[in-house]
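Student: Could we go through the aromatic residues and then the pocket of this model?
Tutor: Certainly; here it is.

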Amino acid sequence: MISGYFFSSSSKVWEDPQWVIGIDELGYDGWEISADGNYRLDDPKKRQRIDEVLASTNLDISVHAPYGDLNLASMNYPIWRESIRQICLCIEHAADLTDRVTIHPGYLSPLSKLDAGRAWSLQKEALGEIGAIAEEYGVLACLENMISIKEFLCRDPGELFGMIEGIEGIGVTIDIGHANTTGTVDEFLQHLPDADHLHLHDNHGSSDEHLSLGKGTVNWDRVSRALLDSYSGIVVIEGRDLNEAEESLAVVRGWL
């Protein structure tokens, strides 16, 4: 059963959070904070402003950890350690807001392409540390499937679920828009019962456009049937602005 519809917009991370009141007015149940830019939860002034805005809404919260310039599979040790540190810090500061934090996997650099197995091991090791912090703070850190850029890890279900296997505190975010760019929507739909979190947005199958639902090539009739039949949890609709938030919410309301 779907427990709520949330909206997220990573394109607005440098704007004042006042726009988030519009999410509530449209009828969404929650906001997924893209915890970067003006939404860094570890920055006291930025967190205070977020809390001020949220106090005037009825929105629940989920969080997407920062990912820009970070790489959990980096063979450059200082970058690898800093990537882990920032994600763990986000989890610590998100714990009083939510029990779900989405995280991105790492990617292969020109160096790590020479030893992809080592990059895989570094990603697993990083997840072990992140998972331990997530458990300590009562949060599930959900690793997300990636778009069709060959350097990214976790672009298909086998790799995504293989990456988290045996690691406590780590779950999965299935992103249908990302799956559309890799031609794996049907494969990921089969794993919906195993998903801990869900992202929805549309595109034309070649790039991560983050369009309103119905504006790209995702087969939403098929997705909605699978979702209503086998997924339980929050559904996060991703878009670029409140107009797209309204358009996509009208689509999902038509599924009920």
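Tutor: Rings of Phe, Tyr and Trp (its six-membered ring) pair if their centres lie within 6.5 Å; planes under 30 degrees apart count as stacked, over 60 as edge-to-face and the rest as tilted. The model is predicted, with local features needing pLDDT of at least 70 and side-chain atom pairs pLDDT 80 or more, while totals for chains, interfaces and linings use all residues. Residues are numbered from 1 along each chain as its sequence is written, and side-chain values use heavy atoms, without hydrogens and water.

Student: Which residues form one aromatic cluster?
Tutor: Phe7, Trp19, Tyr28, Trp31 and Tyr39 do.

Student: How many aromatic pairs are there?
Tutor: The count is seven. In one of them, the ring centres of Phe7 and Trp19 are 6.4 Å apart and the planes stand at 85 degrees, so this pair is edge-to-face.

Student: Is Phe7 buried or exposed?
Tutor: Phe7 is buried, at 0% relative accessibility; buried means under 20% relative accessible area, exposed over 50%, and partly exposed in between (1.4 Å probe, protein chains only). Trp19 is also buried, at 10%.

Student: Now the pocket: which residues are closest to the centre of the largest one?
Tutor: They are His64, Tyr67, His104, His178 and Asp208, from a lining of 28 residues. A pocket is an open set of points on a 1 Å grid over the protein atoms alone, where a 1.4 Å probe fits, with protein on both sides within 12 Å along at least five of seven lines; lining residues have an atom within 4 Å of a point.

Student: And what does Ile130 contact?
Tutor: Beyond its neighbours within four places in sequence, Ile130 has contacts (heavy atoms within 4.5 Å) that include Leu72, Ile84 and Ile170.
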